[in-house]
Amino acid sequence: MKIQESAENYLETILMLRKSKGNVRSIDIVNELGFSKPSVSVAMKHLREDGYVTVNDCGSIDLTDKGLEIARRIYERHTLLSNWLMELGVSRETALEDACRMEHVISTESFEALKQHVFRVNKSDSK
């Protein structure tokens, strides 16, 4: 099943917030993404119904195994793509924006090839 780009963004944001804050609530996502409270509430409802997140009685949001897998994949893509673009001389702001778009459309095959290329280049640079 193909997950929508917006859902991938929410899952990645939850992962990043969890790393920086520990506990994640809807208001944290509102503040991070700049979306309205109702929009985030609807998104969390859909993510919960689709089995990507759980929300406890206190409002704390956790990723399920399925949600965590997607969040990690998108975060890895975002990190590698943005760092690679910055190494090529792209400004930080543009690299982050472009990586955010690219991370959702690049195929697994192309991303893995790019990842291996970056690894080889970095390995040869460190010699």
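Of the 127 residues that make up the chain in this predicted model, 32% count as buried. The C-alpha atoms fill a box of roughly 55 × 30 × 25 Å when the box is taken along the principal axes. Among the contacts in the chain that have a separation of 6 or more, 55% come from residues that stand 24 or more positions apart.

The secondary structure consists of 6 helices and 2 strands, and these elements follow one another along the sequence in the pattern α-α-α-β-β-α-α-α. Two helix pairs are described here, and their packing geometry is set out in the table.

| Helix pair | Residues | Angle | Axis separation |
|---|---|---|---|
| H2 and H3 | 26–33 and 37–49 | about 120° | 9 Å |
| H4 and H5 | 65–87 and 92–105 | about 140° | 8 Å |

For H2 and H3, the angle of about 120° lies outside the range of 65 to 115 degrees that counts as roughly perpendicular and is not over 145 degrees, the limit for roughly antiparallel, and the two helices are therefore oblique to each other. Their crossing is right-handed. On the H2 side the contact is made by Ser26, Ile27, Ile29 and Val30, while H3 contributes Lys37, Val40 and Met44. Sorted by class, the residues of this contact comprise 5 nonpolar, 1 polar and 1 charged.

For H4 and H5, the angle of about 140° is likewise not over the 145 degrees required for roughly antiparallel, so that this pair, too, is classed as oblique. The crossing of H4 and H5 is right-handed. Helix H4 enters the contact through Ile74, Arg77, His78, Leu81, Ser82, Leu85 and Met86, and helix H5 meets these residues with Arg92, Ala95, Leu96, Asp98, Ala99, Cys100, Met102, Glu103 and His104. The residues of this contact divide into 9 nonpolar, 3 polar and 4 charged.

One of the H5 residues in that contact, His104, can be followed in further detail. His104 has a relative accessibility of 9% and therefore counts as buried, since the cut-off for that class is under 20%. The side chain of His104 makes a polar contact with the side chain of Asn9 at 2.9 Å, and another with the side chain of Glu103 at 3.2 Å. Glu103 is itself listed among the H5 residues that take part in the contact with H4, and His104 therefore joins a place in the helix contact to a buried environment and to polar contacts with Asn9 and Glu103.

Technical notes: Residues are numbered from 1 along each chain as its sequence is written. This is a predicted model: local features need pLDDT of at least 70, side-chain atom pairs count only at pLDDT 80 or more; totals for chains, interfaces and linings use all residues. Side-chain values use heavy atoms; hydrogens and water are left out. Axes are lines fitted to C-alpha atoms, for helices over the stretch in contact, and angles run from 0 to 180 degrees between N-to-C directions. Helices (H or I, at least four residues) and strands (E, at least two) are DSSP runs, numbered from the N terminus. Angles under 35 degrees count as roughly parallel, over 145 as roughly antiparallel, 65 to 115 as roughly perpendicular and the rest as oblique. A crossing is left-handed if the near helix is turned anticlockwise from the far one by less than a right angle, and right-handed if clockwise. Contact means heavy atoms within 4.5 Å. Ala, Val, Leu, Ile, Met, Phe, Trp, Tyr, Cys and Pro count as nonpolar, Asp, Glu, Lys and Arg as charged, and the others, Gly among them, as polar. Buried means under 20% relative accessible area, exposed over 50%, partly exposed in between (1.4 Å probe, protein chains only). A polar contact is a pair of N or O atoms within 3.5 Å; within protein, one must be able to donate a hydrogen and the other to accept it, and residues adjacent in sequence count only if both atoms are side-chain atoms.
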